[in-house]
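User: Please walk me through the ligand site and the salt bridges. Keep it short.

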Amino acid sequence: MSLLVVGSVAFDTVETPFGQAEEVLGGSATYFSTSASYFTDVNLVAVVGEDFPDKHINFLRLRGINLDGLERTGGKTFRWQGKYGYDLNEAHTLNTELNVFEHFKPKLPEHYRDADVVFLANIDPDLQRDVLKQANKPKVVAADTMNFWIESKKDSLIETLKYVDILLINDSEARQLTGEPNLVKAARTITSYGPKTLLIKQGEYGVTMFNSHGIFIAPAYPLENVFDPTGAGDTFAGGFMGYLANTMDFSDTSLRRGTVMGSVMASFNVEDFSLNKIRDLDYKEIESRFREFKRLSHFEDI
Ligand code: AMP
C-alpha cells in the first residue's frame with residue numbers, strides 16, 4: 001500500500017559526547033522514508049536546494065523511495081545543528097536554517113494523491129495541511145512535530161491536529177503542547193485536539209501508546225553503544241507507519257506490533273551517525289531484533 005510523507009530533507013551538523021558529524025544527510029522525511037522503505041512503497045514530498053548532492057538522491061532512489069515529489073530549487077537546503085550531552089534523550093538545537101523551506105509550496109504529483117496513508121513528518125504545520133488538502137481522502141493520517149513548531153506556530157499545529165488520526169510526539173513536546181506535566185493527563189488533552197491514537201516517545205525509556213483500547217508500553221532496546229540519537233523519532237515513525245501501511249491493519253494488535261517495529265528501527269538508527277546504520281539493513285536483522293523485543297518484555301501471569 002502507498003505511504004505518502006512530507007517532511008524535511010536536510011543537512012545536519014551534530015555533536016554528541018561520542019563524536020561529531022558535519023553537514024551529513026538528515027531530515028525528518030529522510031529518516032522516515034528510509035526506515036519505512038523496508039516495509040512498503042514510499043512517496044516523498046520535500047524540497048532541497050541546488051547544493052544537495054546527487055549521491056544522496058541516488059541513495060534514496062536505491063532504497064526504492066519515489067522522489068517525483070522532491071523539488072530541487074535555487075537556494076540552500078534546510079540545515080539543522082544540534083548537540084547532545086550525556087543525557088541523549090534531549091537534543092539541544094543550536095541552529096535551524098529553513099532556507100528553501102521558507103517559500104516552499106508543496107505540489108503533490110497526480111499519482112501521489114490517492115495515498116492510503118499519509119505521514120506529516122516534522123515540518124511547518126502550514127505545509128502539513130497544504131499537503132493534506134491535496135490528498136484524496138486518505139484512510140489514515142499520522143503526524144509528528146517538535147518544540148520548534150510548538151513554540152512558533154502552536155495555533156497552526158493545533159489546527160493540523162484536527163485532521164490527524166495518529167500523533168507521534170516525545171514526552172517533553174507533549175508537556176509543552178498541553179502545559180500539563182503529567183503525561184496521562186497530557187495524553188487526554190492531546191486526544192481531545194483530534195488524534196485518537198497517540199504515541200509518546202520517551203527516548204531510552206521506550207514508547208507509550210494511548211488509544212481507545214487503553215495504554216500499551218514498549219521498552220527501548222537496551223543498547224550498549226548509542227552514538228547519535230538524531231532521527232530516532234523519525235526512524236521510529238518510519239518503522240511504525242511502514243509496518244501499518246504494509247498490512248493496512250490498524251487494529252490494536254497491529255498498532256502494538258507497529259510500535260515495536262518502530263522501536264526496532266530506531267534502535268538500529270542510534271547506533272551510528274546520520275543514516276549510516278539504516279542505509280542497508282538485512283530484513284533478517286530486523287526480524288531477529290523484533291523477536292528479541294518480544295522476549296525482553298514477555299512475562300507470565302502470577
Ligand atoms: P528526531 O531526532 O527524530 O526528532 O529528528 C531529527 C531530524 O529532524 C534532523 O535530521 C533534522 O534535520 C530534522 N529537524 C530538526 N529541526 C527541524 C524543524 N524545525 N523542522 C523540520 N525538521 C527538523
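User: Which atom of the ligand does a polar side-chain atom of Ser-8 lie close to, and at what distance?

Analyst: This is a predicted model, where local features need pLDDT of at least 70, side-chain atom pairs count only at pLDDT 80 or more, and totals for chains, interfaces and linings use all residues. Residues are numbered from 1 along each chain as its sequence is written, and side-chain values use heavy atoms, without hydrogens or water. A polar contact is a pair of N or O atoms within 3.5 Å. For Ser-8, the partner is a nitrogen atom of the ligand, at 2.8 Å.

User: How much of the ligand's accessible area does the protein cover?

Analyst: Accessible areas come from the Shrake-Rupley method with a 1.4 Å probe. On its own, the ligand has 510 Å². The protein covers 90%.

User: Which element gives the most residues to the shell around the ligand?

Analyst: Helices (H or I, at least four residues) and strands (E, at least two) are DSSP runs, numbered from the N terminus. β2, β6, α4 and α8 each supply at least two shell residues. The top contributor, with 3 residues, is α8.

User: In the salt bridge of Lys-139 with Asp-116, which residue is buried?

Analyst: A salt bridge puts a side-chain nitrogen of Lys or Arg within 4 Å of a carboxyl oxygen of Asp or Glu. Here the closest N and O atoms are 3.0 Å apart. Buried means under 20% relative accessible area, exposed over 50%, and partly exposed in between (1.4 Å probe, protein chains only). Lys-139 is exposed at 58%, so the buried residue, at 12%, is Asp-116.

How values were computed: Polar contact = N/O pair within 3.5 Å; in protein donor to acceptor, adjacent residues only side chain to side chain.
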